[in-house]
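Trainee: Before we start, I would like to know how the terms used for a structure are justified. Could we go through some of them in turn?

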Amino acid sequence: MRYNWGEVRVLITGISGFVGSLMAKKLVDLGAEVYGIIRRRNEGVVPKRLIDLRIDKCVNLIEGDITDITSIFFAIDQSQPDVIFHLAAQSFVPRSFKDPLETIRTNVNGTLNLLEAIRLKDLDPIIVSACSSEEYGLQIISDKHYQRMIEKYGVIHPQPVRIPELPINEENFLRPMSPYAVSKVAVSYLMQNYYYSYGLRTIISRAFNHEGAGRGHNFVTSTIVRQAVMLRYGETDAIHIGNVNAFRDWSHVEDIIDGYLLLADKGKPGNVYVQGSMRTNSVLTYILLSLEQLGYTIHEIETFKGDKKIKNPTERNMDEFFGVKFEKTKVDELMLKEEVSYKLEDQGITVKTDKGDLKVKFNGDRFRPLDVPILMSDTGKIKKLGFKVNRKLDDIIKAQINYYLNPNNRKGIPP
Ligand code: A2R
């Protein structure tokens, strides 16, 4: 063990965010001395998440901006950290398409400011950086998929050396598919570069998607669960959604926070570690399981035109896929086998339930210019340090449902 958390000074950049606030709570509970950088534009305003978690009086907040190195010098002077968790970022993939410059400025320049400040101050903290599964981007799952991608893009670079390229470990090729993903690739390499060049003790976490109560309102899982709750209470006519074919490796945020702490404690400087659940499930499954947890029994789904029908789509199995046994639904399995997929032209899906038909409507505005088709982690490396997945997909959805069942948490947010 590198640390007894009760004796450690920790600086969190991005402490007001979804992960940062929950991480601060965990560290406060462990007895650490927690410092966090909050933006100056919020002068005098304590972040709501910290108040809600009742830790606003237990953490030391320092005003600053990751894009302003002077303020980072100040924050480091004030906190004298043994450990830094670098979470501050523009974290929302769709926004990175709308404002790529902002994303690069915050994520890349911001990281460089932090690294330079530590180097120039001659400090030696462990720095765990929040990088992302999005860095892997396009990963090929089958020969058919490869052919389709070649037809679509004309080129795949680097060329796969194995198919399927799943599950994804630290050695997989990086094929980022958004400005956000590109920014995180740069963050990964900057972190490594400062390790190789100056011996800074940087550790790179590539966490796959992580969710839970309080995830940002515009993230896909929040959008799904919020609308499912609204549908249940008659506050919307349908679930409006973009690409339901996307597969993600969803973890509970608490599992990932445990992983971050483990990396600070036992990770090797200069190394990349994948964090995830070693499951992959579709956006469509996330929708259907959310509806089930809200009390609907689903018999069948069919596209609006009636040409794609699946009976008992949420039936579960643990069959092996990509060499891994994980829980998936029947509709996941059909999509993974490329026997069914949904397009904007399908317009939507009717979900037939014991309480009547529900509508999932495809909305062109909610499709991204480019979307990562599928992600699934191989967490073999971090497991050797003791990493465990303690929560199932159902636990994650349950946490989000409980959050949105509180009307205050869905008030005023458009579906
Ligand atoms: O927006 P704010 O003021 O609440 O602060 C956010 C912070 N942040 C910044 N802090 C200092 N200077 C900036 N220029 C700046 N821009 C953003 O980063 C907030 O505290 C945090 C981002 O929080 P979330 O969007 O909730 O991200 P989440 O899910 O907590 O992700 C943590 C990390 C990020 O690096 C993601 O890219 C990665 O995990 O997946």
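Mentor: Start with residue classes: Ala, Val, Leu, Ile, Met, Phe, Trp, Tyr, Cys and Pro count as nonpolar, Asp, Glu, Lys and Arg as charged, and the others as polar. Keep in mind that this model is predicted.

Trainee: How do you know how the lining of the largest cavity divides into nonpolar, polar and charged residues?

Mentor: Take the list of lining residues: Arg279, Asn281, Thr285, Leu289, Arg316, Glu327, Lys328, Thr329 and Leu393. Leu counts as nonpolar, while Arg, Glu and Lys count as charged. Asn and Thr belong to neither of those groups, so they fall under polar. The result is 2 nonpolar, 3 polar and 4 charged residues.

Trainee: What makes a space a cavity and not a pocket?

Mentor: A 1.4 Å probe fits in a cavity but cannot get out, whereas a pocket is open. The search of the whole structure finds 1 cavity of 30 Å³ or more, and the largest cavity has a volume of about 40 Å³. Helix 10 (283-293) and strand 18 (328-329) each supply at least two residues of its lining.

Trainee: What is the volume of the second largest pocket, and which residues are closest to its centre?

Mentor: The second largest pocket holds about 800 Å³ of space. It is lined by 27 residues, and Arg148, Met149, Asn243, Asn245 and Pro373 are the closest to its centre. Helix 6 (143-153) and helix 11 (330-336) are the elements that give two or more residues to this lining. Helix 6 provides the largest share, 5 residues. By class, the lining has 16 nonpolar, 4 polar and 7 charged residues.

Trainee: Why is Val10 called buried?

Mentor: The cut-off for buried is under 20% relative accessible area. Val10 has 0% relative accessibility, so Val10 counts as buried. Val10 lies in strand 1 (residues 9-13). Beyond its neighbours within four places in sequence, Val10 is in contact with residues including Trp5, Leu27, Val83 and Phe85.

Trainee: What makes strand 8 and strand 20 a pair?

Mentor: Pairing needs at least two bridges. Strand 8 (residues 239-241) and strand 20 (residues 356-362) are joined by 3 bridges and run parallel, so they meet the requirement for a pair. One bridge partner in strand 20 is Val360, which partners Ile239.

Trainee: How do you know that strand 19 pairs with strand 20?

Mentor: Here 6 bridges join strand 19 (residues 348-353) to strand 20, and the two run antiparallel. The threshold is at least two bridges, so these strands pair as well. Val360 is also the bridge partner of Ile349, and a hairpin through 2 residues joins strand 19 to strand 20.

Terms used: Residues numbered from 1 in each chain as written. Predicted model: local features only at pLDDT ≥ 70, side-chain atom pairs only at ≥ 80, totals over all residues. Heavy atoms only, no water. 1 Å grid on protein atoms, 1.4 Å probe; cavity = no way out; pocket = protein on both sides within 12 Å on 5 of 7 lines; lining within 4 Å. Points joined across faces, edges and corners; volume = space filled by probe spheres on them. Helix = DSSP H or I, 4+ residues; strand = E, 2+ residues; numbered from the N terminus. Buried < 20%, exposed > 50% of the residue type's maximum accessible area, 1.4 Å probe, protein only. Contact = heavy atoms within 4.5 Å.
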